[in-house]
Amino acid sequence: MQNSVLEIHPVTIEGGEVVYRGIFCAPCRNDASVTFRVPVNESEPINESGMVEAFTLVFLLPAMRVGLPFVVNGAIDANFRRNLEQLKGFWTNLVPEKFSMIETKFTDCEEPTPEVPKAAVSCFSGGVDSCYTAIQISGSDDGAIIPCPLEGMVMVHGLDIPFRQSEVFESAFQRSEKIASSLNLPLHRISTDVRNIQKQFDLDWPTEYHIFPVASALYLFSHRYQLAVIPPGYSYDKLSLPIGSNPISDLFLGSGRMGFFHHGASAGRFDKVKAICGHQAVSDNARVCFEASRLDRNCGKCLKCCSLQIALQLNGIREPKCFSEPIDFQYLENLALENHSVRGTFQEYAKISRERGEMQLLSSLEICLEKNRHVEEYAQQQKRKNRFNNKLKRFLSKIR
Ligand SMILES: [Zn+2]
C-alpha cells in the first residue's frame, strides 16, 4: 500500500542561521519542503529537540488531504501520539469533506518523558491578544495562571508578514522587542517558508492552518521552554468552529516535551485593551493591522485599527503613537461593519462612550451602527444558512 512520507533532514548551519528542513513526499504529487530558520545566536546550544513534533504538525493537514497512511521517520513520545489521534479526530469531524482520517506511523516511539514545566514561552505578534496574554502571565508569578513563569516569547516571520519582506519584518520585530523588553522578556525570532504549503495543499489560513506552523516554531525552542502559550484569536463568546487556533484543539498540539496552553479567551476586546493600555510600550508599538501597505504599521482605516483606536480613546489614550493620526470621526461614521460580531463590539463601544461622556465618539458610533443596521439581518440569514450547510455536510460524510 502506498504511503505519504515525512523525511526530517539533519540540522545545518547556512549563512549564520540554524536551518531545520522537512520534506513531505506523496505519490503523484510534487515533494513539499518546509524550512524554519533561527539565527545561530538564538539557538545556542544548537537545538535538535522538538523537530519530529514540529514537522509532523506542519505536514499533518497536508497528509490528511492526501488521505494515505502518513509515515514519519522519527520518534515521538506517547503523549504526542495520543494528542495526534485527538487532533486528527477534531479535523475529520469538523471538515470531513476535506480531511481524511489517516494512520500515522513513526519509525520509533519513545517512552513518555513528561517534563515538569520549568519555563513557558508565548508566541507573539505585537497585537492586542498577544500583548494581553504576555502582560497577564508575566504579571502573575505565583502559578495562578500557568504552572511556571513566562520566560520568553517567539515572533515568527513568514506568517502574517511574507517571508521575502525581511525589512518589513525587521521593523515589526523591533516594535515588538520594545514591548517584550518592557516586560523583561527576551523575544526570539524564527522565519519560515511554510506559506507555500498552504497554497500547495489548498489549506485555508485562518480557519484551518495558521496554528500548525506557530506550534512547530515553538517546538524548535523546546530545549529552553517546556510550556507553550497560545493567545486566542477570539474570545469564547465570539468563537465559531472551525478555526485554526481554539481552546479545544490547541491543547492537542502538546507532547511530553512541551505542553500547550490556550490563554485569554475569557476576556473581550475592550477588557483586553483596558488591561494593556497602562503599558506605554504597548500603546506606542502595538501592531494589529493586516491591511496596511507595509505590514509593520497600522493603517488607521481598517476595522481592526479603528476598533483599537476607539478602545484606546475610551481608556483615555487619545493620540496613541501606534497610529500616525488620531481618530477620523467622519470616516468612522461611514465604516462598514463586516459581521454581527463586529457590530456587537461597536454597540459595546457606544454604550461605554455614553457612560464615559465621550459624546463626539458616541455620535459617530451611533451613525455608524445605524448605517450598518442590515448586518443584524444578514447575520441571522447566514446563521440559518450555516446550520443547514453543516447538517448537509454531516449527512454527506455519513453516506460516503
Ligand atoms: Zn489597519
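**Reading helix packing and the core, starting from W91**

Author: Let's begin with one residue: W91 sits in helix α2. Keep in mind that this is a predicted model.

Reader: Happy to start there. Is W91 buried or exposed?

Author: The general idea is to count the C-beta atoms around a residue, with 20 or more inside 10 Å needed for the buried class. W91 has 20 such neighbours, so W91 counts as buried.

Reader: Which residues is W91 in contact with, apart from its neighbours within four places in sequence?

Author: For that we look at pairs that are separated along the chain. W91 is in contact with L61, M64 and F99. You can also set sequence distance beside distance in space: W91 and S249 are 158 residues apart in sequence, yet their C-alpha atoms are 9.0 Å apart.

Reader: L61 and M64 take me to α1. How should I read the packing of α1 and α2, and at what angle do their axes cross?

Author: Take the axis distance and the crossing angle together. The axes of α1 (residues 51-66) and α2 (residues 78-94) come within 12 Å and cross at roughly 30°. Angles under 35 degrees count as roughly parallel, and α1 and α2 are therefore roughly parallel to each other. Their crossing is right-handed. On the α1 side the contact is made by E53, L60, L61 and M64, and on the α2 side by F80, L87, K88 and W91.

Reader: And how does α1 pack with α7?

Author: The reading works in the same way. The axes of α1 and α7 (residues 211-219) are 8 Å apart, at an angle of about 170°. Because angles over 145 degrees count as roughly antiparallel, α1 is roughly antiparallel to α7. From α1, the contact uses E53, A54, F55, L57, V58, L60 and L61; from α7, it uses F212, P213, A215, S216 and Y219.

Reader: Now the core. How many residues does the largest nonpolar core have, and which have the most contacts inside it?

Author: Here the idea is to look at size, then at the best-connected members. The largest nonpolar core has 102 residues, and V154, A215, L218 and A228 have the most contacts inside it. Helix α1 gives the most to this core, with twelve residues. Take L218 as an example: beyond four places in sequence, L218 touches V121, C123, V154, A228 and M258.

Reader: Last one: which domains does the assignment give for the chain?

Author: It gives domain 1 (4-109), domain 2 (120-262) and domain 3 (300-400). For their arrangement, compare centres: the C-alpha centres of domain 1 and domain 3 lie 38 Å apart.

Technical notes: Residues are numbered from 1 along each chain as its sequence is written. This is a predicted model: local features need pLDDT of at least 70, side-chain atom pairs count only at pLDDT 80 or more; totals for chains, interfaces and linings use all residues. Domain bounds come from an automatic or database domain assignment. A nonpolar core is a set of buried Ala, Val, Leu, Ile, Met, Phe, Trp, Tyr and Cys residues joined through C-beta atoms within 7 Å. A residue is buried if 20 or more other C-beta atoms lie within 10 Å of its own, exposed if 12 or fewer, and partly exposed in between; C-beta atoms are placed from the backbone. Helices (H or I, at least four residues) and strands (E, at least two) are DSSP runs, numbered from the N terminus. Two residues are in contact if their C-beta atoms, placed from the backbone, lie within 7 Å. Axes are lines fitted to C-alpha atoms, for helices over the stretch in contact, and angles run from 0 to 180 degrees between N-to-C directions. Angles under 35 degrees count as roughly parallel, over 145 as roughly antiparallel, 65 to 115 as roughly perpendicular and the rest as oblique. A crossing is left-handed if the near helix is turned anticlockwise from the far one by less than a right angle, and right-handed if clockwise.
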